[in-house]
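Dear colleague,

Please find below the sequence and the structure that I am handing over to you. I would be grateful if you kept the structure open while reading the notes beneath it.

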Amino acid sequence: MTQLVEAARRVPLNRARVLQAAVALADEVGLESLSMRRLAQELGVVPMALYKHVANKEELLDGMVDTIVGEIDPPVPDAPWKTVVRLRVLSARRALLRHPWARPVIETRTSTTPAVLGYMDSFVGMFLAGGFSEDLTHHVMHALGSRMWGFTQEVFDDSGSGAKDQPRITVEAQAAMARHMAESYPNLFRIAVSAAHDDESVVGNGCDDQFEFEFALDLLLDGFERLHEQNWTSGA
């Protein structure tokens, strides 16, 4: 095993190898622990060697996003536009789920790389190829927003709550919380009860994130289809 590691370290360094190593390291230790020094250690080089391929940490993060974009499946040929778009969005979501650190990186990018522009351009192209007007496609892209990257800001987003690390709440405490919620927030309580899974408390996280993502995506696609069939324009 040691010989394999040493052999890998003797492979000439290039930008693609740096970015792939950075993605793998972020997957392993998280974005907070990713540094140029730590990345250099993983690659078996001095930190200065990295700067021949990425100018700084921000350029490294841009390149890591490009690497994730490269994991998204290309548009399916010879398929209806709705199928093509849906599959592309869900492929992007799978890529984001493989790399949980990628979402905040995408959200905080201030520059747009050719790879990102190419992905957005192909997305526009899927709608234009489906017969959408430039006007409708413009508004469609606004409506999709971050969903084209496989994520969206949910109204009930518990992804960062760390609930898995918290001690399990007793049945009595759950009942008390449910009573308080029913009295103080009756409308939220009604939908929480209707959506709660059998193995979840009505005050816990009873939502299926993948289902909710696809539900909203399909609503959007159906709406886009209706507007397209009506020859909708923003000036009407």
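The notes below cover three pairs of packed helices and then one pocket. Please bear in mind that this is a predicted model.

Helix packing

Two packed helices are described by the angle between their axes and the distance between the axes. Each pair below is introduced in that way.

Helix H12 (residues 209–229) appears in two of the pairs described here. With helix H9 (residues 134–144), H12 packs at an angle of about 165°, and the axes are 11 Å apart. Angles over 145 degrees count as roughly antiparallel, and H9 and H12 are therefore roughly antiparallel to each other. Their crossing is right-handed. On the H9 side the contact involves Leu136, Val140, Ala143 and Leu144, which meet Leu217, Leu220, Phe224, Leu227 and His228 of H12. Sorted by class, this contact has 8 nonpolar residues, 1 polar residue and no charged ones.

The second partner of H12 is helix H6 (residues 81–98); the two axes come within 11 Å and cross at roughly 150°. H6 and H12 are therefore also roughly antiparallel to each other, and this crossing is right-handed. Among the contributors from H6 are Trp81, Lys82, Arg86 and Leu97, while those from H12 include Asp209, Phe213, Leu217 and Phe224. The contact of H6 with H12 comprises 9 nonpolar, 1 polar and 8 charged residues. Leu217 and Phe224 of H12 take part in the contact with H9 and also in the contact with H6.

Helix H2 (residues 15–29) and helix H3 (residues 36–43) form the third pair, with an angle of about 110° and axes 10 Å apart. Since angles of 65 to 115 degrees count as roughly perpendicular, H2 and H3 are therefore roughly perpendicular to each other. Arg17, Val18, Ala21, Ala22, Leu25 and Val29 of H2 meet Arg38, Leu39, Glu42 and Leu43 of H3. By class, there are 7 nonpolar and 3 charged residues in this contact, and no polar ones.

The second largest pocket

This pocket holds about 280 Å³ of space. Its lining consists of 15 residues, and Ile106, Arg109, Val116, Met120 and Trp149 lie nearest the centre. Helices H5 (57–69), H7 (102–107) and H8 (114–129) each supply at least two lining residues, and H5 gives the most, with 3. The lining divides into 7 nonpolar, 4 polar and 4 charged residues.

Yours sincerely,
A colleague

Notes:
Residues are numbered from 1 along each chain as its sequence is written. This is a predicted model: local features need pLDDT of at least 70, side-chain atom pairs count only at pLDDT 80 or more; totals for chains, interfaces and linings use all residues. Side-chain values use heavy atoms; hydrogens and water are left out. Axes are lines fitted to C-alpha atoms, for helices over the stretch in contact, and angles run from 0 to 180 degrees between N-to-C directions. Helices (H or I, at least four residues) and strands (E, at least two) are DSSP runs, numbered from the N terminus. Angles under 35 degrees count as roughly parallel, over 145 as roughly antiparallel, 65 to 115 as roughly perpendicular and the rest as oblique. A crossing is left-handed if the near helix is turned anticlockwise from the far one by less than a right angle, and right-handed if clockwise. Contact means heavy atoms within 4.5 Å. Ala, Val, Leu, Ile, Met, Phe, Trp, Tyr, Cys and Pro count as nonpolar, Asp, Glu, Lys and Arg as charged, and the others, Gly among them, as polar. On a 1 Å grid over the protein atoms alone, a cavity is a set of points where a 1.4 Å probe fits but cannot get out, and a pocket is an open set with protein on both sides within 12 Å along at least five of seven lines; lining residues have an atom within 4 Å of a point. Grid points are joined across faces, edges and corners, and a volume is the space filled by probe spheres set on the points.
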